[in-house]
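Here are a few exercises to help you find your way around a new structure. Have a go at each one before you read the solution.

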Amino acid sequence: KRLGVNVLVVPLAADFDGMKQTLRTLGKATGTQERAEALIVDFDERIAGARSIVPARPTAVAYQVNSLASGAGTLLDAALDAAGFRNIARDAKLGPTGRLPLEELVAAPPDLIVLANAPDEFKTVLADNLRHPAFRALLDKRPHVHLPMPMWMCATPRIAGAVELLASMKRTGLANAGAEPGTRLP
């Protein structure tokens, strides 16, 4: 701005409505309103398709390094909800910065564990919770899926792919949960 360059500052979206508003703002600023609306229509159709796969609401949690869980008001919470899951982190008393102790997760696991980070993706001690023997044993007993960070880190239409992947877990992963314990799907 100081150099006279036109700068548009958009707020960081934390949910789907915020993402849509950002797309509309960017579309208006760049003269591509039709493209922005087309992205939104495609996104809404994909989310509706994912929601229609299975009407039941099994439980899930998005679990990350340092025992972080994505609670209410996060993109992962919105993705879980859109895919038809009830996020247990909404009801849990999360510790500082949204931590869900591993002991609590192991004692009362959800139907699906969503790995927001792959266990070996981070080589630091902050990811030791994902490599802990109790967590590995839990993964041997429960369906789980890894959502790569680019699918969920920022509020873009790419999160529709995360919703579709989560919804497909209801159809394949949870339906076959007893057949192949510990299977990482898809």
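**Exercise 1.** Work out which strands α3 lies across, and the angle to β1.

*Solution.* Start with α3: this helix lies across β1, β2 and β3. Next, take the direction: α3 runs at about 155° to β1. Axes here are lines fitted to C-alpha atoms, for helices over the stretch in contact, and angles run from 0 to 180 degrees between N-to-C directions. Contact means heavy atoms within 4.5 Å. Helices (H or I, at least four residues) and strands (E, at least two) are DSSP runs, numbered from the N terminus. Now do α6 as well: it lies across β1, β3 and β4, at about 125° to β3.

A quick word on the ground rules: this is a predicted model, where local features need pLDDT of at least 70, side-chain atom pairs count only at pLDDT 80 or more, and totals for chains, interfaces and linings use all residues. Residues are numbered from 1 along each chain as its sequence is written, and side-chain values use heavy atoms, with hydrogens and water left out.

**Exercise 2.** Put the strands of the sheet in order and find the edges.

*Solution.* First, the order: four strands form an open sheet, β2-β1-β3-β4, with parallel pairing. Then look at the ends: β2 (86-87) and β4 (144-146) each have a single partner strand, so one side of each is left without a neighbour in the sheet. Strands count as paired if DSSP finds at least two bridges between them. Finally, zoom in on β1 and β2, which pair over two bridges; A60 stands opposite N87 in β2.

**Exercise 3.** Find which element gives the largest share of the largest nonpolar core.

*Solution.* Begin with the rule: such a core is a set of buried (under 20% relative accessible area, 1.4 Å probe, protein chains only) Ala, Val, Leu, Ile, Met, Phe, Trp, Tyr and Cys residues joined through side-chain atoms within 4.5 Å. The largest one has 32 residues, and F16, L112, V114, L147, I159, V163 and L166 touch the most other members. Elements giving two or more residues include α1 (16-30), α2 (33-51) and α8 (159-171). The winner is α8, with eight residues. Check I159: leaving out residues up to four places away in sequence, I159 touches F16, F43, L75, A79, M151 and W152. There's also a second, separate core of 16 residues, including V65 and L138.

Note on methods:
Buried < 20%, exposed > 50% of the residue type's maximum accessible area, 1.4 Å probe, protein only.
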